Structure formats: C-alpha cells, structure tokens
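Open the model in a viewer with the backbone drawn as a cartoon. The stops below are given in the order in which to select them.

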Amino acid sequence: MSLEQAMELFRRTGVMQEGHFKLTSGRHSDRYMQCARLFQYPAESAKVCTEIVEFFRDKNVDLVAGPAIGGIVMAYEAARILCTYKAGVRNIFAERENGVMTLRRGFQVEPGQRALVVEDVVTTGGSVKEVIELLHAQGVEVVGVGAVVDRSNGAVEFKAADSKIPFHAFAALNVESWEPDACPLCRQGLPIVKPGSRK
Ligand SMILES: [Zn+2]
C-alpha cells in the first residue's frame with residue numbers, strides 16, 4: 001500500500017484527524033493520529049496488520065507482545081495472522097505496575113523464545129523499549145518491532161545488545177508540531193482541541 005493509500009485509509013477510518021490540536025507534550029499540531037479508531041474495523045485492521053506481519057514472516061516468531069493499551073488489540077491481530085503461517089504463536093501484553101512495565105495475568109515467556117513487539121503509534125518508542133527490556137531480561141529474543149504509525153518518520157531505533165532490531169511501520173509520517181508561541185494555527189486564531197475530548 002502506498003503512503004497515499006495509507007493516508008486515505010487513515011482518513012476513512014477516522015485515525016487521522018486534521019485541525020488544531022494540543023498534544024500531551026504541550027506542543028500544537030495540525031494532525032492527530034488516533035489508532036484505536038482503526039481497530040474499530042476488523043477488516044481494515046487485518047489489512048494493516050497483515051502488511052506489517054508479512055515483513056517479519058521469515059523471523060520464526062513464537063509470540064507477539066504489545067504494551068497496554070495501544071498494543072493489545074494489535075498484538076492479538078498480529079498473532080492471529082502469524083498463526084496462519086505457524087501453529088501456536090501466542091499473544092501477550094505488558095502493562096505498567098507502579099510505573100514499571102510488567103507481565104501480569106500469569107503470562108509466561110521462556111528463554112530462547114522469539115518475540116515480535118508491536119505498538120499502534122511509535123513516537124519516541126518509550127513503551128516499546130520497556131517491553132523489549134522486559135523480554136530481554138527473561139532471555140527472550142526480540143526479532144522485530146512493528147507499528148501502525150511511526151511518527152518519528154524513521155528516526156526511532158530499537159536495539160538488542162549491540163545490534164539493531166528490525167523495525168517496520170505500516171506508515172512513517174513526519175507529523176509537524178510547534179511550541180504554542182510559534183504555532184501558525186494559533187496565529188490564524190483557530191480554536192484548539194485537546195484530542196480525546198469533544199469540541
Ligand atoms: Zn496552536
């Protein structure tokens with residue numbers, strides 16, 4: 001799928017919102033990506049996740065792990081697709097307990113297992129890095145990282161010891177943002193929206 005087709009899919013499913021947004025960081029932007037909206041539509045989600053998973057098809061993945069909340073549905077869908085190539089691929093998710101990324105709910109991993117880590121939107125990759133560390137600490141080899149949107153436009157890197165972990169995103173975007181003082185939309189007097197809240 002080309003970037004244009006990907007953007008069309010994001011507009012159609014409501015993932016990409018255009019306007020004047022105040023981001024969590026406090027910066028302003030003219031676009032906001034809400035990937036949870038993609039997963040409202042199983043058929044579209046399957047299309048996107050298949051494209052991501054195909055990239056890691058030869059990696060002999062044993063399990064898929066995603067950070068809560070953004071990675072939960074995506075990890076399930078990625079594992080479901082991988083199961084069509086190899087029986088028994090598992091899906092787990094990691095979540096924060098007292099601020100520390102943890103495997104709860106009795107999720108177990110074994111040393112030597114091969115994991116694909118997935119997240120819906122990667123900006124700095126912080127949560128993904130925490131999941132990678134958590135898996136490495138238990139002897140799991142992380143063979144790839146997949147995302148729906150790479151907001152860093154290819155700048156983010158994931159490492160295992162001294163090598164780079166292959167990273168593949170469905171769409172790499174450079175979403176511009178500005179400090180409020182320098183925001184061209186503020187200058188135009190456009191009302192600002194905080195994503196997640198109604199206008
Ligand atoms: Zn602004």
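**Helix α4 and the sheet**

Select residues 126-137: this is helix α4, with 12 residues and a reach of 17 Å from its first C-alpha to its last, close to the 16 Å expected at 1.5 Å a residue (1.5 Å times one less than the number of residues). Helices (H or I, at least four residues) and strands (E, at least two) are DSSP runs, numbered from the N terminus. The model is predicted: local features need pLDDT of at least 70 and side-chain atom pairs pLDDT 80 or more, while totals for chains, interfaces and linings use all residues. Numbering starts from 1 along each chain as its sequence is written.

Next, colour S127, V128, V131, I132, L134 and L135, the buried residues of α4. Buried means 20 or more other C-beta atoms within 10 Å of the residue's own, exposed 12 or fewer, partly exposed in between, with C-beta atoms placed from the backbone. The buried residues cover an arc of only 160 degrees around the axis, which puts them on the same side of α4; the arc is that of the directions from the helix axis to the C-beta atoms. On the face turned away, pick the exposed G126, E133 and A137.

Now show what the buried residues of α4 pack against: β3 (63-67), β4 (90-97), β5 (100-102), β6 (114-122) and β7 (141-150). Contact means C-beta atoms, placed from the backbone, within 7 Å. After α4 comes G139, with a positive phi near 80 degrees.

Finally, select the open sheet of 6 strands, ordered β5-β4-β3-β6-β7-β10 with mixed pairing; strands pair if DSSP finds at least two bridges between them. β5 and β10 (167-172) are the edge strands, each pairing on one side only.

Technical notes
Two residues are in contact if their C-beta atoms, placed from the backbone, lie within 7 Å.
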